[in-house]
Structures are given as C-alpha cells and as structure tokens.
Amino acid sequence: MALTLVSVISLWSAPVFGQETTLYFYNPEVSTTRNSVLKDTFDAYLSSKGDFKLQPVADRETFNGLMRDRKKDVFILSDSHFTEFSVSHPGYLTYLRGLKDGKNTYRKMLLAKRDIFSKGYKSRATIASAASESDSRKVLQQILPGLKREQLDAVSFLIVPKDIDALLSVGFGLSDSALASEESLEKLSSLYKNQYQQLQVLGTSKPLKRLVAVVPAKSTTQQQTLVQALYQMDKESMGQLALKLLGLDGWANIRKERLAEEAIK
Amino acid sequence: MISLLMQYLDVWVPGRRSWPTFNRVAIGVSLISCLLLGAACTTHNIPETQGDTQSGVLLVNTNSAIDRYAIVQDSFEQGMRDFNITTVDLQNDLRPIETLQDQINGHEYDVIYAIGAKALGSLDYISPNKPIVFSSVLNWRRFKDHSNVYGVASEVAPQAQLTWLKHFFPEVSRVGVIFSTDNVSLINEANKVAGQLDISLVAVKAFNTASVKSQVESLLQDVDILWLISDPKVLSSTESTQALFQLADAHKKPVFAYSEIFADYGAVLSVSADVATTGRQAALIAQHLLSKGRVDREVQFPAGSSITINLDRVKRYGLKLNEEALESVSRIIRDP
C-alpha cells in the first residue's frame with residue numbers, strides 16, 4: 001500500500017512528457033532581439049518540468065491568432081492586451097500575474113529635460129520608448145489626457161530595446177524625452193545621478209498591471225502542470241534567471257486568490 | 001563615342017573586317033543605350049522604387065544579403081514609410097560608383113541613405129549635392145567632418161558603455177583602457193563620465209602597436225577590468241586581440257568590450273549597437289533633414305544597445321553581478 005502511494009505521488013510530481021505544450025509569449029515592451037535569450041533560458045528551466053517550451057511571438061496579430069486556435073497551450077501577455085483580447089474572446093482564465101518586489105503593478109513616466117509640449121519647444125519632439133509605437137501612444141494619452149490631437153500627432157517615437165536606452169538617449173541628446181517605467185528611473189538615479197538629475201517628470205501613468213499567464217477555461221492536466229511550473233520558477237536558479245529576464249522575481253497565483261474570494265462570498 | 005564603339009566592334013568581331021553598316025549602327029545604338037541606362041545593363045542592380053516615380057529618398061545598401069544590413073534597411077524603410085524610396089543594392093557590384101552616379105544623374109533625390117562602407121565610400125567619392133545619412137560603417141570617423149554627411153556611429157557612446165558596465169557590476173571601480181591617438185577625445189569624454197559613475201578610469205596611451213601587449217600586462221596589475229574600445233591601432237589583428245584576452249585571463253582579469261564579436265574571445269560583457277534602432281535613428285535624421293534642412297549633430301551615437309554577458313566568466317573572475325540588470329540582456333553565453 002505504502003509503495004503504491006509513493007508511486008502515485010512520484011507520478012504526480014514527475015515531469016509530464018509525451019504531448020508538447022507550448023508557452024507562447026508576447027510583450028511589445030520586450031524587444032524581439034531578446035527572443036532567443038528568453039527562449040533558451042525558459043526552455044532550460046521548463047524542459048525539466050515536462051514536455052514544455054517557450055515560443056516568443058513577434059507581433060500582436062500572430063499572437064492573437066495563436067490564442068484563438070491553440071486551446072491546449074498557455075499564454076503570457078500584458079494585462080492590457082489580455083483585457084482587450086478577452087472582450088471579443090471570453091473563455092480564458094488568468095492564473096498568474098507577474099511580481100516584482102512583491103508588487104504586481106508598475107507605472108510608466110514621461111521624462112525630459114524640458115517640457116516638450118510647452119509653447120516654444122520644437123514643433124516635432126522625439127520620444128524614446130521601449131514599447132511599440134502604438135502602445136507608447138496609448139500610454140502617452142493616458143499620462144497626459146489633456147494633450148490635443150495635433151500635439152500627439154506631432155510627436156515622433158524612437159523605439160529602443162530597453163527603458164535604460166530610452167533614458168540615456170535623453171541625456172545624450174538623441175531624443176527629447178523618454179517613456180520609461182518608474183523602476184527604470186530609480187535604477188538610473190542610483191547608477192548615473194548626473195543624468196537622472198537633469199530629467200523632469202512630465203507625467204505619470206496610473207498603476208499598470210504586470211504580465212499575466214492565461215489558459216483557456218477548460219484546461220488540460222498538461223496546461224495546469226505548466227502553470228504550476230511557472231508558479232514555482234522562483235524556487236530554482238534557472239527559473240529565477242528566466243524571471244529576471246522578464247524583469248520579475250515571481251508570480252502571484254491570482255486564480256487561487258479569486259477562488260478564495262468567491263468562496264468567502 | 002559612336003565612332004569609338006564602331007572601331008571597338010571592328011576589333012572584337014572575329015573574321016570580319018567590316019559588317020554591314022546597319023548592323024554596326026544597330027549594335028552601337030544598343031550599346032550606347034545600355035551605357036545610358038547604366039545600372040540595369042552593366043550590373044544586376046535594378047533599383048526598386050516604392051511609391052510613385054517621383055523619388056525623394058535614395059537608399060543604397062552595400063549588400064542586403066548581409067543580415068545586419070537587411071535589418072537596418074527594413075527598420076529605416078518602416079520609419080520612412082510615408083516617403084518615396086528608391087533602393088540600390090551594391091551586392092556584387094564591381095562598379096558601384098558608376099551605378100550610383102547614373103542613378104543620381106537620372107533622378108532627383110532629396111536625401112540619400114547609405115548602409116555600409118561600400119555604399120558610403122562610393123557616395124562620398126561622387127560627392128552628390130545632397131545630404132547623405134549613413135549607418136553600419138565601421139570606420140565612420142573617416143567621414144565625420146565631411147560636408148553634408150550625417151549618420152549613426154557604429155559603437156555605443158563610451159558614456160553609455162561605462163553606464164552599462166556599472167549597472168551590471170556595481171562593485172567594479174578601476175577600469176583600465178589602452179588607446180591610441182585616434183581616441184584621445186573619446187577617452188576625455190569617458191573620463192568626464194567615469195567620475196560621475198564612481199569609476200576610476202586608468203587610461204594608458206599606447207606607444208605603438210608593438211608595445212600594446214606589454215603595456216596591457218602592466219595595466220592589468222592595477223585595475224579590476226580591462227575595457228576594449230574601438231581602436232585599430234590597439235586591436236591591430238585577430239592574433240593580437242586574442243593575445244590580449246589570453247593575457248587578461250592569465251591575470252584573472254575580466255574584459256569588457258564595445259562589440260559582441262568579442263564574446264567569442266571571452267569578453268565577460270559586451271555592449272553593441274542595436275541594429276534595428278540604428279535604422280530607425282537614421283530614418284529620424286533623414287526626416288529632420290527633409291523637413292528642416294539640418295540636424296543638431298552630424299553624427300549620433302546609437303540610441304539602442306544589445307548586451308551580451310558570459311555568466312561563466314562572471315563566476316570565473318569572481319565578479320559581483322547585479323542580477324536586476326539581467327532584464328536588459330540580449331544574449332547569455334557560456335564558455336564552451
């Protein structure tokens with residue numbers, strides 16, 4: 001009996017092989033030049049947990065198509081993207097949300113040496129941003145809701161790979177302004193005080209929710225196992241490395257939190 | 001010209017002293033037409049035009065079969081999608097100057113974008129009376145003070161390189177660098193920022209190419225890390241570069257480099273220009289030139305960076321890594 005019990009427990013926790021389950025990833029704030037390093041690192045971690053692999057996706061439309069069609073896989077995407085997607089495609093559940101220093105939200109800021117929207121400033125200012133142009137425009141509208149249409153249209157975006165690139169570009173005169181996270185600004189403050197002190201905050205976004213891991217409502221054992229593997233990433237060194245590549249240090253199990261809340265109600 | 005061609009025809013046509021007149025005229029006219037068409041006949045570079053035939057931008061790619069040139073072209077085109085772009089690819093073109101001269105003579109362009117040294121060198125030789133924007137040119141400094149030439153340098157600004165170094169290894173305080181007279185102003189700029197980053201820059205001027213190894217050996221005793229900058233007089237050959245890496249490794253000192261090509265030599269960290277961002281920057285420069293006729297600075301440093309880290313080397317040299325910085329890494333490599 002004891003032997004049977006041990007065997008069952010071993011099977012339950014053993015890596016599940018046989019049917020490959022893919023973890024699709026899309027985040028316009030992560031440069032596609034990093035897809036290789038993300039894939040190699042995630043695969044190194046996931047391969048010990050089962051027949052799992054990471055597949056970064058380069059564009060939103062392709063990712064949306066995969067979410068619609070691939071019902072046996074798991075998806076990591078930005079919260080705003082998922083919110084938009086689920087309006088027309090309900091039937092997905094959010095299981096995990098990214099965490100950094102215990103927080104599941106972050107803020108974006110618009111920074112510059114001078115107010116780029118003030119009268120007398122050049123007619124076409126450049127904003128450096130690590131997000132896609134369309135996402136950058138949305139965040140900019142959210143940060144400065146009073147901006148007129150012609151002011152928004154007059155801005156050029158210089159898309160760079162990372163927030164710190166965006167911030168440094170202002171200091172080096174390569175752009176007039178930068179759209180970057182508050183965390184990145186804090187990094188610059190401890191790293192390069194001189195440049196940090198030259199920047200003024202022109203606006204700050206409301207708290208934005210971090211990345212989410214979602215699964216179709218009717219999920220398989222494989223999908224559940226993959227989600228569990230993601231949740232446990234912070235327990236192993238390769239998992240921790242993969243998390244750091246995403247700018248996270250863990251995941252919050254929000255599905256569990258929601259179920260607990262519903263149980264209380 | 002026609003008589004010269006006729007004489008030429010008489011020379012190379014075998015066995016015949018003279019051809020019927022109409023054949024000679026027909027062939028001569030055809031050849032002259034080919035010369036006037038230039039690129040289409042003498043090379044396989046048939047220019048492509050996006051949009052209508054009123055050209056605004058001439059894009060000259062040294063070789064679009066090379067990945068980094070193709071990437072930069074693509075991102076430039078994305079940034080200039082509202083403009084008419086004519087593209088010329090100089091791949092396998094043995095007479096690029098002729099190709100480009102014909103193209104420029106035959107069409108009106110407002111700005112020219114050159115990708116790679118062959119493209120820029122050819123255009124610089126022609127010296128068209130139009131602004132030229134360049135990128136992806138290793139020896140860009142040669143063109144720096146040329147009139148009407150603007151562009152994006154190949155290496156990330158030294159200030160940004162040192163900032164990244166400090167971000168990844170906050171405890172590194174003494175950074176050694178050897179340089180030639182080509183880089184005096186770069187070292188001066190780096191010195192200014194080093195203090196702001198809490199870095200002590202130990203800069204040694206190379207006496208000559210032959211003395212570099214011994215000077216580096218001496219330098220290594222006194223620093224935490226060796227910084228390689230773009231300097232052909234210091235990194236004069238593959239062998240001498242490999243020797244420097246071996247020397248640093250023997251002294252258990254890490255090497256930080258300005259390009260990811262040095263990752264294979266054993267650099268612990270390298271900061272390269274992000275290629276796609278370079279194309280976007282070039283597009284913005286071109287747009288500024290088209291709308292205002294000028295830009296604030298002729299040559300900009302790349303705004304985007306691509307970072308490679310060797311985690312085995314980090315461990316090997318006992319460097320304290322700021323793991324938060326891993327969020328910025330483009331490539332992680334290990335020792336073989």
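A crossing of two helices is left-handed if the near helix is turned anticlockwise from the far one by less than a right angle, and right-handed if clockwise. Helices here are DSSP runs (H or I, at least four residues), numbered from the N terminus.

The model is predicted, so local features need pLDDT of at least 70 and side-chain atom pairs pLDDT 80 or more, while totals for chains, interfaces and linings use all residues. Residues are numbered from 1 along each chain as its sequence is written, chains are lettered from A in the order in which they are written, and side-chain values use heavy atoms, without hydrogens and water.

**Exercise 1. Describe how α5(B) and α6(B) pack: what are the angle and the axis distance, and which hand does the crossing have?**

Step 1. Take helix α5 (residues 96-106) and helix α6 (residues 117-126) of chain B; their axes lie 9 Å apart at an angle of about 60 degrees. Axes are lines fitted to C-alpha atoms over the stretch in contact, and angles run from 0 to 180 degrees between N-to-C directions.

Step 2. Compare the near and far helix: α5(B) and α6(B) cross in a right-handed way.

Step 3. List the contact (heavy atoms within 4.5 Å). On α5(B) you will find B:Pro96, B:Ile97, B:Leu100, B:Gln101 and B:Ile104, and α6(B) brings B:Lys118, B:Ala119, B:Ser122, B:Leu123, B:Tyr125 and B:Ile126.

Step 4. Sort these residues by class: eight are nonpolar, two polar and one charged. (Ala, Val, Leu, Ile, Met, Phe, Trp, Tyr, Cys and Pro count as nonpolar, Asp, Glu, Lys and Arg as charged, and the others, Gly among them, as polar.)

**Exercise 2. Follow α7(A) to α7(B): at what angle do the axes cross, and which residues make the contact?**

Step 1. The axes of α7(A) (residues 163-171) and α7(B) (residues 158-168) come within 11 Å and cross at roughly 140 degrees.

Step 2. The two helices are therefore oblique to each other; angles under 35 degrees count as roughly parallel, over 145 as roughly antiparallel, 65 to 115 as roughly perpendicular and the rest as oblique. The crossing of α7(A) with α7(B) is right-handed.

Step 3. A:Ile164, A:Asp165 and A:Leu168 meet B:Ala160, B:Thr163, B:Trp164 and B:His167. Four residues of this contact are nonpolar, two polar and one charged.

**Exercise 3. Size up the interface: how much area is buried between chain B and chain A, and how many salt bridges are there between them?**

Step 1. Count residues: 37 of chain B are in contact with 33 of chain A.

Step 2. Buried area is the accessible area (1.4 Å probe) that two parts lose on being put together, summed over both. Between these chains about 3,000 Å² is buried, with 59% from carbon and sulfur atoms. B:Leu284, B:Ala303 and B:Glu327 supply 18% of the area that chain B buries against chain A, more than any other three residues.

Step 3. A salt bridge puts a side-chain nitrogen of Lys or Arg within 4 Å of a carboxyl oxygen of Asp or Glu. There are three between chain B and chain A. B:Glu327 also forms a salt bridge with A:Lys187 (2.9 Å, N to O).
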